[in-house]
2 protein chains.
Amino acid sequence: MTRRTGRRPGNPDTREAILDAARTAFAERGFDSASIRAIAATAGVDPALVHHYFGSKDQLFLAAMNSPVDPGELVPKVLAGPLDGIGERLVRTFLGVWDSPAGAAGVALLRSAVSNEWTARLMREFLTTQVLRRVLDQLDVDRAELPLRGSLVATQLGGLGLMRYVIRLEPVASADPELLVAMIGPTVQRYLTGPLPE
Amino acid sequence: MTRRTGRRPGNPDTREAILDAARTAFAERGFDSASIRAIAATAGVDPALVHHYFGSKDQLFLAAMNSPVDPGELVPKVLAGPLDGIGERLVRTFLGVWDSPAGAAGVALLRSAVSNEWTARLMREFLTTQVLRRVLDQLDVDRAELPLRGSLVATQLGGLGLMRYVIRLEPVASADPELLVAMIGPTVQRYLTGPLPE
């Protein structure tokens, strides 16, 4: 038997217990209703330890999801610039993440969400609270329309990820990113800022 | 032990051997290159028996995919009508199938394609040869553009299926189909008949 001697960021069993409790809480109660206090209680640790290991509730959620990126860092880049270019910037950023080494984790996450109802719930919460809410908060549209606009964007970007990286349907799978930005950007733009029916 | 006494459409073991051989052939060689003769040889049966059990190569492929619908029947309905309404008709037909009892098989198929490289290959062949090729053959656009147009449509419709039926992201998951037709139809229309970059 070998024993690891390197520095460990906290007790691995404790970390895993916290992440397990977090996944359950976020999937069962949703991101907004889940509390660090309750997650700590389930894991049998002090809430201060959860903060010490993971920082904020957002950061804990990203760790629980095995998210390869932090939407809190990416979204401001998408929002920087004129509003009528937000669709193209969102597609360009999306492809930049998935085409990077982080993309493999994205594929794993998508696979898991599709095969497992539990991960699907986490994915819903992740899309809604970590990605769409951050983008939509900045748009100058009727707030009542935001959930529909956000979930329409998710159909297009989720499908782009599915076909380009998982099913690998050609020629989308190996297309130049800027071609996809030019074709799919206007779709995302219309879903975000275009007119809705009635 | 109980024994089924009802009428069976051929020997179940033979049918399954043919379907196994078909799945391997379609995934390895592609739909166009796979031959009924080679599939029959792999399954150890006469090619006439394959035709007897399954009919055409298209029908054998649908059975091998466990496809709940026959695109050869659906696509003509989508194509019937003015060309500028093809996007809306395609979305409406897509939702009609997934909202029907056949939708459960569609979800199972999508789950399998996402988790399994073998099924992903079959899904690619299915989309390309059974769905997109049939639709695109009828369009009045440059034939060299057809693969890109078809795979762009697949990103939008695949993502619609993913978010509405698998991830169940609201409000898309329970939205009225005609709202989705109105919002997503123009996207599919632009991918099929709109201008492409450069």
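## Basis of the description

Helices (H or I, at least four residues) and strands (E, at least two) are taken as DSSP runs and numbered from the N terminus. The structure is a predicted model, in which local features need pLDDT of at least 70 and side-chain atom pairs count only at pLDDT 80 or more, whereas totals for chains, interfaces and linings use all residues. Residues are numbered from 1 along each chain as its sequence is written, and chains are lettered from A and ligands numbered from 1 in the order in which they are written.

## Confidence

The model has an ipTM of 0.82 and a pTM of 0.83. For chain A the average pLDDT (the predictor's confidence in each residue, from 0 to 100) is 87, and 95% of the residues score at least 70. Among the elements of this chain, α10(A) has the highest mean pLDDT, 96, and α8(A) the lowest, 82.

Residues 1-8 of chain A stay under a pLDDT of 50. The model gives this segment 0 contacts beyond four places in sequence, a contact being a pair of residues whose C-beta atoms, placed from the backbone, lie within 7 Å.

## Overall architecture of chain A

Chain A contains 10 helices and 0 strands. Its C-alpha trace spans about 55 × 40 × 30 Å along the principal axes. Of its 198 residues, 37% count as buried. A residue is buried if 20 or more other C-beta atoms, placed from the backbone, lie within 10 Å of its own, exposed if 12 or fewer do, and partly exposed in between. Among the contacts in chain A with a separation of 6 or more, 67% are accounted for by residues 24 or more positions apart.

## Nonpolar core

A nonpolar core is a set of buried Ala, Val, Leu, Ile, Met, Phe, Trp, Tyr and Cys residues joined through C-beta atoms within 7 Å. The largest such core has 108 residues, and those with the most contacts inside it are Phe26(A), Ile39(A), Phe26(B) and Ile39(B). Leaving aside residues up to four places away in sequence, Ile39(B) touches Ile18(B), Ala21(B), Ala22(B), Ala25(B), Ala34(B) and Val50(B).

## Helix α10 of chain A

Helix α10(A) covers residues 177-193, 17 residues in number. The expected span of a helix is 1.5 Å times one less than its number of residues. For α10(A) this should come to 24 Å, and the end C-alpha atoms are 23 Å apart, which agrees. The helix nevertheless bends by about 35° at Ile184(A), and Pro186(A) follows within four residues; the bend is the angle between axes fitted to the seven residues ending at a position and the seven starting there.

The buried residues of α10(A) include Leu180(A), Val181(A), Met183(A) and Ile184(A), the site of the bend. The buried residues of this helix pack against α6 (86-99) and α9 (146-166) of chain A, together with α9 (146-166) and α10 (177-193) of chain B.

## Contact between the chains

Chain A and chain B each give 33 residues to the contact. On the side of chain A that touches chain B, the elements giving two or more residues are α7 (103-115), α8 (117-136), α9 and α10. The largest share of this side, 13 residues, comes from α9(A). By class the same side has 22 nonpolar, 7 polar and 4 charged residues. Here Ala, Val, Leu, Ile, Met, Phe, Trp, Tyr, Cys and Pro count as nonpolar, Asp, Glu, Lys and Arg as charged, and the others, Gly among them, as polar.

## Helix α4 and backbone exceptions

In α4(A), the residues Leu60(A), Phe61(A), Leu62(A) and Ala64(A) are buried. They pack against α1 (12-29), α3 (47-54) and α8 of chain A. Just after this helix, Asn66(A) takes a positive phi of about 55°. Asn66(A) is found in the loop between α4 (57-64) and α5 (71-79), and it is partly exposed because 15 other C-beta atoms lie within 10 Å.

Most residues other than glycine have a negative phi, and most peptide bonds are trans. The loop between α9 and α10 of chain A holds Arg168(A), which has a positive phi of about 55° although it is not a glycine. Arg168(A) is partly exposed, with 16 other C-beta atoms within 10 Å. Pro171(A) is also found in the loop between α9 and α10 of chain A, joined to Glu170(A) by a cis peptide bond with an omega of about 5°. In chain B, a cis peptide bond joins Glu170(B) and Pro171(B), with an omega of about 0°, and Pro171(B) lies in the loop between α9 and α10 of that chain.

Notes. Contact = placed C-beta atoms within 7 Å.
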